Amino acid sequence: MMPSDSDTKWAGLTLDQPRVMGILNVTPDSFSDGGSHVGVDNAIAAGLAMAEAGADIVDVGGESTRPGADQVSAETEQARILPVIRALAAADIRISVDTRNASTMRAALGAGATIINDISGLSYDPRSLGVVAEHGCPVVLMHMRGTPATMNGEAVYRDVVTEVRAELANRVDAALAAGIRRDRIAIDPGLGFAKDATHSVAVLRGLGTLADLGYPMLVGLSRKRFIGALSEERRPDQRLGGSLAAGLFAILRGASILRVHDVRETVQAIRVWRALFE
Ligand code: PMM
C-alpha cells in the first residue's frame with residue numbers, strides 16, 4: 001500500500017500524495033549544484049522552471065551549509081534571496097526560505113515566503129522560535145548537531161536512529177512550548193548533517209521510527225554524499241539515479257515531501273511509481 005494520509009494538510013498542501021520541494025540555492029558555493037543559480041535573474045528563472053516542472057514548493061536559500069562553509073552575514077543572505085522571493089511570490093509560487101537567521105525569516109516572510117525551513121530546527125538564533133510563533137507560518141524542523149562549521153566532529157552516535165528521533169522530539173517540544181501550532185510543524189532527519197554516509201543510510205532505513213513522531217516528514221537526500229558512497233559516484237551532479245531510488249524508498253518509509261535539485265525527473269518518478277500502486 002502507498003502511504004497516504006488524506007486528512008493531513010501542511011502549508012496548504014494535502015499530503016495524500018508525495019510532494020516535491022525544489023532547491024534554489026542562491027549561493028556561490030553550494031556543495032551539490034556548484035552555485036549554478038548565482039545571480040538574481042538566473043535564480044528567478046530557475047525557480048519559475050521548477051514550479052513549471054511540478055515543484056509544490058521552491059526552497060530559497062542564501063547561505064551555503066556545506067561542511068565547513070564560511071558563514072555569511074544576514075545582510076548578504078537577504079541581499080541574495082529577497083529579490084528572488086519577491087519575484088517568485090509574484091508568480092504565485094509557494095516559497096520556503098532556508099535560513100537559520102531570525103531577521104532573514106522575518107524579511108523573507110515579508111517578501112512573500114510562507115514557510116520557514118531551518119536546518120538548526122529553530123535552535124541557532126534565539127529569536128527564531130518567536131518569529132515563527134508570532135507569524136503562525138509552517139516550519140520545517142531539521143535535525144543537526146552543532147553548526148555546518150562544526151557538525152562533522154559531532155557525528156558520534158551509539159544508536160543514530162534513536163538519538164535523532166529524541167533530538168528531533170526535543171526541537172518539536174521547544175517549538176510547541178514557544179507557541180508554534182502542532183499542525184504547522186514538519187520534521188526532517190537532516191541527512192548529511194552531523195551524519196557520515198553510514199549514519200545517513202541508517203537514518204534512511206529507520207525513517208519509519210521518525211515518521212512515528214506523527215509529523216509530516218520532509219527528506220533532503222538529493223545528490224548527497226551517502227548517495228555517492230552507495231553508488232561510487234564522486235560527482236554530485238551525476239547522482240540523479242541514486243537520488244531517485246533513495247527518494248522513492250524514503251516515501252515508502254513515510255516521507256511526505258522530498259527536497260530535490262531535479263524537480264522534473266523526481267515528479268515523473270513519483271507519478272509513475274504511484275500509478276503502479278493503484
Ligand atoms: N539540506 C541542505 C540544505 N538545506 N534543508 C532541509 N530541510 N533538509 C535538508 O536535507 C537540507 C536543507 C544541503 O543540501 P544542498 O546544498 O543541496 O541544498
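**Helix 9 and the parallel sheet**

The buried residues of helix 9 pack against helix 6 (197-205), helix 7 (207-211), strand 9, helix 8 (225-231), strand 10 and helix 10, where contact means heavy atoms within 4.5 Å. Helices (H or I, at least four residues) and strands (E, at least two) are DSSP runs, numbered from the N terminus. This is a predicted model, in which local features need pLDDT of at least 70, side-chain atom pairs count only at pLDDT 80 or more, and totals for chains, interfaces and linings use all residues. Residues are numbered from 1 along each chain as its sequence is written, and side-chain values use heavy atoms, leaving out hydrogens and water.

**Helix 9**

- Ser243, Ala246, Gly247, Leu248, Ala250 and Ile251 are the buried residues of helix 9, with buried meaning under 20% relative accessible area (1.4 Å probe, protein chains only).
- Gly254, which follows helix 9, has a positive phi near 115°.

**The sheet**

- Here 8 strands form an open sheet with parallel pairing, in the order 8-7-6-5-4-3-10-9; two strands pair if DSSP finds at least two bridges between them.
- Strand 8 (185-188) and strand 9 (218-220) are the edge strands, each pairing on one side only.
- Strand 5 (residues 95-98) pairs with strand 6 (residues 115-118) in the parallel sense over 3 bridges.
- Asp98 has Asn117 in strand 6 as its bridge partner.

**Helices on the sheet**

- Helix 5 (residues 160-177) packs on the sheet and touches strand 7 (139-142) and strand 8.
- Helix 10 (residues 263-277) also packs on the sheet, touching strand 3 (19-25) and strand 10 (257-260).

Note on methods: Axes are lines fitted to C-alpha atoms, for helices over the stretch in contact, and angles run from 0 to 180 degrees between N-to-C directions. Buried means under 20% relative accessible area, exposed over 50%, partly exposed in between (1.4 Å probe, protein chains only).
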